[in-house]
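Q: Please take a close look at one part of this model, the interface between its chains, and at the aromatic rings that accompany it. A connected account is requested.

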Amino acid sequence: MHEWALAEAVVAAARQIAKKEGLKEVKEVVIKVGELQQVELEIFEFALSKLEAQGFEGTEFNISLAKTELQCRVCEHKWLFDKTNLAEDTVEAIHFVPEVIHSYVRCAKCGSPDFKLLKGRGVWIERLRGAK
Amino acid sequence: MVDPRKSIIDQRLGKIGRIIAVSSGKGGVGKSLVATTFALTLVQKGYNVGLFDLDFTSPSTHIILGAEDVQPIEEKGIIPPVVHGLEYMSLVFYTKDHATPLRGADVSNALIELFAITIWSNLDFLIIDMPPGIGDAMLDLIRLVANIEFLIVTTSSRLAFETVKKQAVLLQDLKVSTIGILENMKMDNNGCIQAQTGELGLRFLGGISFDPTVEEAIGDKSQLLGTAFARKVAEILGEP
Ligand SMILES: Nc1ncnc2c1ncn2[C@@H]1O[C@H](COP(=O)(O)OP(=O)(O)O)[C@@H](O)[C@H]1O
Ligand SMILES: [Mg+2]
Ligand SMILES: [Zn+2]
């Protein structure tokens, strides 16, 4: 599952931040997962728990979903990503590389593929709490 | 807010010997054809090679390879399929035959995503087919890939070389390593490009003539490797 690759990235980034900030111990990593990428939270959490061993014993990985907000650059229409009407392989393609949404989704108002992802794209670290 | 993906890229590329971006300030000069043939040549020499198509809006290498009915495998990341002995990755696996209209920030995001999730094996060479120009993809490679090397392709035309010259000077300024300049689709035998490459302090790798048999060989690996074009690529780039 490619959730592993994302979890590895989170752990590597958390390690870098901890080092930069001189933290001896990381208590909590607050992670946001944008709906667009359709990350399987269970696998993602499982991967994090396996990777935790590498210096993150006792770290709490606090994961929450974020809605994906899109806005058309042509007519400024704003909407939330919703996968219900998309084909399964389209959803899967977006899962791997969210930008391919531009190949499959158009603005509902004007039909343009020129829209921006305002928020809720992929996986990001919102904040990290630790002790020096 | 921290983007975790950048932190893993070094690790993903850590087992790769050399990473070479086939690039040009100009479009239509033969980057894709050179990159693909170069990669196949290295496979023939017995190296472990990957080919990565970063021209998201006009991907071509899958057509040159005739890579049909292949798809990456999802397993703790994305494992590229092997095509004619090459580990091969392209956004086309996800966009299929749809147009992919991407803005700069999207290009950058998709590029970072693919670098973060693609699991290459212990490659001797990763060859990258670049989009034209000195925009997002080139800047991202410089920023994200520690040992990136550029191979610059031009044609004999001043229209191509003037742009390529600026690119080469920029790369020199940024202290990014450049293997040299390759003159493709040479029409005559004047040494104009060679001389000007020398003036830039760069290596002139060689010239490749326009080969009318190439078009027919697109999509057929064996036929492609039998062309005069491919023999010349092997002669010039066989021992990079
Ligand atoms: N040496 C050559 N002889 C004949 N045709 C060539 C040669 N080099 C490139 N071509 C053709 O020129 C066109 C542009 O090449 P391509 O590799 O797509 O360029 P780029 O990737 O720089 O846009 C293609 O049709 C390709 O087959
Ligand atoms: Mg090309
Ligand atoms: Zn619109």
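A: The account below takes the interface first and the aromatic rings afterwards. This is a predicted model, in which local features need pLDDT of at least 70 and side-chain atom pairs count only at pLDDT 80 or more, while totals for chains, interfaces and linings use all residues. Residues are numbered from 1 along each chain as its sequence is written, chains are lettered from A and ligands numbered from 1 in the order in which they are written, and side-chain values use heavy atoms, with hydrogens and water left out.

Chain A contributes 32 residues to the contact and chain B contributes 30, contact being heavy atoms within 4.5 Å. Together the two chains bury about 2700 Å², 61% of it on carbon and sulfur atoms; buried area is the accessible area (1.4 Å probe) lost by two parts on being put together, summed over both.

Three salt bridges are found across this interface, a salt bridge being a side-chain nitrogen of Lys or Arg within 4 Å of a carboxyl oxygen of Asp or Glu. A salt bridge also joins the side chains of B:Arg103 and A:Asp114, at 2.6 Å from N to O. On the side of chain A that touches chain B, the elements giving two or more residues are helix H1 (3–20), helix H3 (88–96), helix H4 (101–104) and strand E6 (123–131). Of these, H1(A) gives the most, with 11 residues. Helices (H or I, at least four residues) and strands (E, at least two) are DSSP runs, numbered from the N terminus.

B:Lys76 lies over the face of A:Trp4, 4.0 Å from the ring centre; the rule asks for NZ of Lys or CZ of Arg within 6 Å of the ring centre and within 35 degrees of the ring normal.

Over all chains there are eight aromatic pairs. Rings of Phe, Tyr and Trp (its six-membered ring) pair if their centres lie within 6.5 Å, with planes under 30 degrees apart counted as stacked, over 60 as edge-to-face and the rest as tilted. The centres of A:Trp79 and A:Phe115 are 5.4 Å apart and their planes stand at 70°, so this pair is edge-to-face. It links distant parts of the chain, A:Trp79 in strand E4 (residues 78–80) and A:Phe115 in strand E5 (residues 115–119), 36 residues apart. A:Trp79 is buried at 17% relative accessible area, and A:Phe115 is buried at 0%; buried means under 20%, exposed over 50% and partly exposed in between (1.4 Å probe, protein chains only).
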